[in-house]
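Morning, everyone. Please pull up the sequence and the model, and we'll walk through the sheets and the helices packed on them.

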Amino acid sequence: MNIGRFLLTASAALAVIATPAAAKPDYAGDVKADYDKSLGALWDHFHRNPELSFREFKTAARMAQELRAIPGMVVTEKVGQTGVVGVLKNGDGPVVLVRADMDGLPVQERSGYANASTVRQVGVDGLEMPVMHACGHDVHITSLVGTARQLARMKDRWKGTVLFIVQPAEERVGGANAMVKDGLYTRFPKPNYALAFHVAAELETGKIAASEGIQYSSADSVDIRVPGIATHGAAPHLGRDPVYIASQIVVGLQSIISREKGPLEPGVITVGAFHAGQKHNIISEHADLQVTVRANSQEVRDQLIASIERVAVGIGRAHGLPEDKLPIVKVTETTPVTVNDAALARRLNTAIGDALGKDVVVPFRQTNMGAEDFAFFVDPSFGIPGYYFGVGGTNPEWIKAAKNGGPPVAGHHSPLFKIDPEPSVRLGVEAMTAAVLDLLKPGQN
């Protein structure tokens with residue numbers, strides 16, 4: 001997932017500023033001790049051993065092992081293929097879902113870390129690729145374990161049930177939906193609230209931000225197959241060149257953004273891959289485009305996808321492709337907009353500020369169109385309010401150095417991506433624990 005800066009809406013920012021300053025939570029020392037004893041090594045293990053989407057077999061097994069070691073935890077594996085669900089009950093009360101995604105990316109790591117991944121793996125597409133935790137999911141699952149341990153230790157401070165969700169395939173925006181379809185809300189207690197966080201490369205360590213509305217854009221992966229009529233490269237007039245036609249489609253797609261979509265409506269169409277041909281002097285039989293589409297509303301999302309098909313087919317006709325060889329447009333991976341429940345966001349932004357200190361929660365604004373399949377857990381049809389927050393992952397000294405001409409802070413999905421693990425993991429545990437304690441406070445719901 002592509003992540004930008006995490007800043008909070010103005011009203012929530014004012015609410016947090018108005019909150020009196022607070023000391024570190026009384027469990028911060030326990031979180032630190034757990035990191036020194038166990039969580040640091042666990043993060044190191046996950047970072048060295050990333051796995052691709054729906055191929056997280058060893059990661060899932062290790063997460064199941066860690067959760068089963070927690071007293072009272074009931075663990076179920078293979079939910080939504082490789083997903084893991086841990087259920088921790090503590091009397092009557094609301095049910096809170098806490099989710100962490102676990103998959104890595106097909107990227108060769110060049111972070112400079114001593115524990116940089118050297119793993120290669122065959123993905124669901126049958127291709128062997130290098131694998132890297134280039135989006136910080138190793139932080140997420142490590143923090144999930146830490147949060148579960150803290151809550152199990154503090155059962156005198158909450159009542160209810162916590163579902164710990166170890167989700168596969170966020171990077172293919174398919175894992176959340178797979179778990180829901182596999183009976184997440186029928187086989188296990190249905191949550192009253194759903195929570196998650198993402199470590200953020202462009203936010204400094206020690207800071208948290210969450211929106212009172214849109215947190216992430218929608219994302220649709222679109223494949224376009226452009227047929228051609230093969231011939232010798234020296235005789236292009238005898239065929240139809242799919243490379244040339246596909247190139248025109250690449251350019252034409254941007255007219256949708258600049259001349260069809262409303263100028264005040266966010267939207268992105270990016271062609272991320274273009275594959276065609278095998279030899280210099282052969283006009284190939286087809287070209288393939290891989291496109292990502294982003295929007296902040298269902299209306300714009302529908303418009304962009306429909307327009308992509310119209311442009312692709314129209315350009316194919318304009319270049320003389322016969323009706324049985326027109327471009328084929330297929331949406332392959334999809335997730336809707338992720339929207340935080342406004343009331344829940346205000347409540348938990350305040351709760352985290354009260355527990356961790358008023359300066360921890362900082363303003364949010366959307367600066368790019370990254371996406372998240374957490375949206376499937378909080379689909380409006382379920383009636384489950386959701387809260388998704390960002391946890392700073394970059395050491396302030398790295399940011400300072402970048403501003404002074406040093407190496408830039410690498411973004412998510414970059415081979416240079418890196419975060420500062422200890423403050424990121426610890427803050428993730430502290431903030432998530434504070435949020436769950438607030439929602440499950442005895443007598444408050």
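**Two sheets and their helices**

Let's start with an open sheet of four strands, antiparallel in pairing, in the order β12-β14-β10-β15. Strands here are DSSP runs of E with at least two residues, helices are runs of H or I with at least four, and both are numbered from the N terminus. Two strands pair if DSSP finds at least two bridges between them.

A word on the source: this is a predicted model, where local features need pLDDT of at least 70 and side-chain atom pairs count only at pLDDT 80 or more, while totals for chains, interfaces and linings use all residues. Residues are numbered from 1 along each chain as its sequence is written, and side-chain values use heavy atoms, with hydrogens and water left out.

Back to the four strands. Why is one side of β12 (267-276) and of β15 (328-335) left without a neighbour in the sheet? Each has a single partner strand, so these two stand at the edges. On average, neighbouring strands are turned by 20° against each other, direction ignored. Inside the sheet, β10 (residues 218-227) and β14 (residues 286-295) run antiparallel, joined by 10 bridges. Proline 227 has histidine 286 of β14 as its bridge partner.

Now, which strands does α7 touch? It packs on this sheet against β10, β12 and β14, and its direction makes about 175° with that of β12. Contact means heavy atoms within 4.5 Å. Axes are lines fitted to C-alpha atoms, for helices over the stretch in contact, and angles run from 0 to 180 degrees between N-to-C directions. Helix α8 packs there too, touching β10, β12, β14 and β15, at about 5° to β10.

These two helices also meet. The axes of α7 (residues 242-259) and α8 (residues 298-318) come within 9 Å and cross at roughly 145°. Among the contact residues are Ile249 and Leu253 of α7, and Ile308 and Val311 of α8. The full contact divides into 10 nonpolar, four polar and no charged residues. Nonpolar means Ala, Val, Leu, Ile, Met, Phe, Trp, Tyr, Cys and Pro; charged means Asp, Glu, Lys and Arg; the others, Gly among them, are polar.

Next sheet. Seven strands form an open, mixed sheet, ordered β1-β2-β6-β3-β7-β17-β8. Its edge strands are β1 (73-79) and β8 (208-209). Strands β3 (residues 95-101) and β7 (residues 193-204) pair in the parallel sense over four bridges. Valine 98 has leucine 195 of β7 as its bridge partner.
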